[in-house]
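I opened my notebook to look at how this chain is put together. Here is what I looked up, in the order I got to it.

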Amino acid sequence: MSPRLIRKIPVPALLAAVLTTLLAGCGEQPSRLEQIRDDGTLRVVTRNTPTTYYQDRHGDTGLEYELSKRFAQSLGVRLEISTTATLDDLYHQLSSENGPDLAAAGVTINPEREDQVRFAEPYLETTPQVVYRRGKRQPRDIEDLYGKRIMVLKGSTLADMLRGLQQEHPNLVFEESDSLEVADLLRLVNDEEIDHAVVYSNELVVNQAFYPAVRVGFDLGDPRSMAWALPREPDDTLLEAVREFFAGIKADGTLDQLIERFYGHSDVLDYVGARAFARHMTQRLPRFETQFRQAGDQYALDWRLLAAMGYQESLWDPDARSPTGVRGLMMLTLPTAKFVGVTNRIDPKQSIFGGARYLIWVRDQLSTDIPEPDRTWFALAAYNVGLGHLDDARTLTRNNGRDPNRWIDVKDHLPLLQKKQWYTQTRYGYARGSEPVHYVQNIRRYYEILQWVTQPQAETASLPEGEYHAPGILEQLPQGI
């Protein structure tokens, strides 16, 4: 420093500065919540599974990710996600110095872990279930598991539950694995490599379409509460913030909407339907994937959504015809085909591009107040039943005190259009209102499967015309499907 810039500080002022520093050093440490806000980052550990966190074309997604993202936003900080391969490591990280702030990983409240972590507000109920392979003898109680090969995730509440049952049932033997996830356990049952697995109902319903031979034998006890886990420490500030957050999203319906988004369409495929879909993915979809990708690129739509629509409409059959005269892979009516410029409805490319154009047109007619992803579900419903009937259902929804901009509310009112006491109150009258509900739910399930089975493969550019390839799913399908 230049000598010319040095100036003397009066002794009283110097003493005051030193005293202030000393007093500040003796003050209270910032709370956990204050530290997070000061750092500007919420560090969350989770698992890479379909029920928690994964990546799709648009980036990170999953129920736990969406909840964590909203919680970070409520704190005014950015979200930093990390994943762990095992539940034991997850709890170890939480109890380590400088570990994550919380775990949002689809875990249930486990008394055996309460010496390591603190569990926050419950947000979802799920039931422990014993599963078996279709065609085998159904287990109905604990005694039916004696002498069977049973597997469960190591470090899970379910493993602790089975250990507790062994006190009364010493013949109950099971294996724990920390190298597998729930989808792996279901695959082992599906492929007859093990007899049974013990999983939670929410994990089963999301994965069952991939392993359609897996069925529920019996419920292993009462429903359990899922909750976030936090480090065990005397500071309650972050725990209270989590409680307030969940209270808020329960009150305003956000939690219900997220649960519906990830679980509300997961039970639409039965055994026969799941097998047929898997077969058609390998035998039919590769022929049309290029056109779906090209249409998706041109109209800024996910090609897998268009493919899911095509399957719902025609089972990917370009020659499909209904008794009412709709034809082609996207089953366009003659007026709709003319409206979107399709001259040959049984030409696969024309049909796919025409269906994409019509879906975009329908979506653009919807109120701008409807957010995504609900806007897409509304567009699909209108694609099926018409904009007028959808508007009628939204009016009934509003009149009954529900939100006309949320699919979770409107889908409850569409079936009312079949009942005289309700459709006589509407502008467009009677409609088979249950059909668009099933239509949307089916497409969402097919879409979810296509999203999952094409990950983690990166989305590739559209292929040249006439060149086809398997959609990255053959090696991921279970044996015997």
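**Chain overview**

I started with contacts in the chain between residues at least 6 apart in sequence: 70% of them join residues at least 24 apart. I should jot down that I'm working from a predicted model. Next I looked up the secondary structure, and the chain has 19 helices and 14 strands. Then I checked burial: of the 481 residues in the chain, 52% are buried.

**Two helices side by side**

I picked helix α11 (residues 285-299) and helix α14 (residues 348-365) for a closer look. Their axes are 9 Å apart, and the helices pack at an angle of about 30°. Why do I call α11 and α14 roughly parallel to each other? Angles under 35 degrees count as roughly parallel, and theirs is about 30°, so α11 and α14 get that label. I also noted that the crossing of α11 and α14 is right-handed.

Which residues meet there? From α11 I wrote down F288, Q291, F292, Q294, A295, Q298 and Y299. Across from them, α14 brings P348, K349, I352, F353, A356, R357 and I360. Sorting the residues of this α11 and α14 contact by type, I got nine nonpolar, three polar and two charged.

**Aromatic pairs**

I turned to the rings next. A pair of aromatic rings is described by the distance of the centres and the angle of the planes. The structure holds 19 aromatic pairs, and I looked up two of them.

My first pick was W228 with F245, a stacked pair with 6.2 Å centre to centre and 15° between the planes. Where do these two sit in the chain? W228 is in the loop between β13 (224-226) and β14 (229-231), while F245 belongs to helix α8 (residues 237-251). They are 17 residues apart, and the pair links distant parts of the chain. W228 and F245 are both buried.

My other pick was F378 with W407, which is edge-to-face: 6.0 Å centre to centre, with 65° between the planes. F378 lies in helix α15 (residues 374-385) and W407 in helix α17 (residues 407-410), 29 residues apart, so I noted another link between distant parts of the chain.

Are F378 and W407 buried or exposed? Buried means under 20% relative accessible area. F378 has 0% relative accessibility, so F378 counts as buried. W407 also has a relative accessible area of 0%, so W407 is buried.

Last entry: ring pairs link F71, Y123, W228, F245 and F246 into a cluster.

Conventions
Residues are numbered from 1 along each chain as its sequence is written. This is a predicted model: local features need pLDDT of at least 70, side-chain atom pairs count only at pLDDT 80 or more; totals for chains, interfaces and linings use all residues. Side-chain values use heavy atoms; hydrogens and water are left out. Axes are lines fitted to C-alpha atoms, for helices over the stretch in contact, and angles run from 0 to 180 degrees between N-to-C directions. Helices (H or I, at least four residues) and strands (E, at least two) are DSSP runs, numbered from the N terminus. Angles under 35 degrees count as roughly parallel, over 145 as roughly antiparallel, 65 to 115 as roughly perpendicular and the rest as oblique. A crossing is left-handed if the near helix is turned anticlockwise from the far one by less than a right angle, and right-handed if clockwise. Contact means heavy atoms within 4.5 Å. Ala, Val, Leu, Ile, Met, Phe, Trp, Tyr, Cys and Pro count as nonpolar, Asp, Glu, Lys and Arg as charged, and the others, Gly among them, as polar. Rings of Phe, Tyr and Trp (its six-membered ring) pair if their centres lie within 6.5 Å; planes under 30 degrees apart count as stacked, over 60 as edge-to-face and the rest as tilted. Buried means under 20% relative accessible area, exposed over 50%, partly exposed in between (1.4 Å probe, protein chains only).
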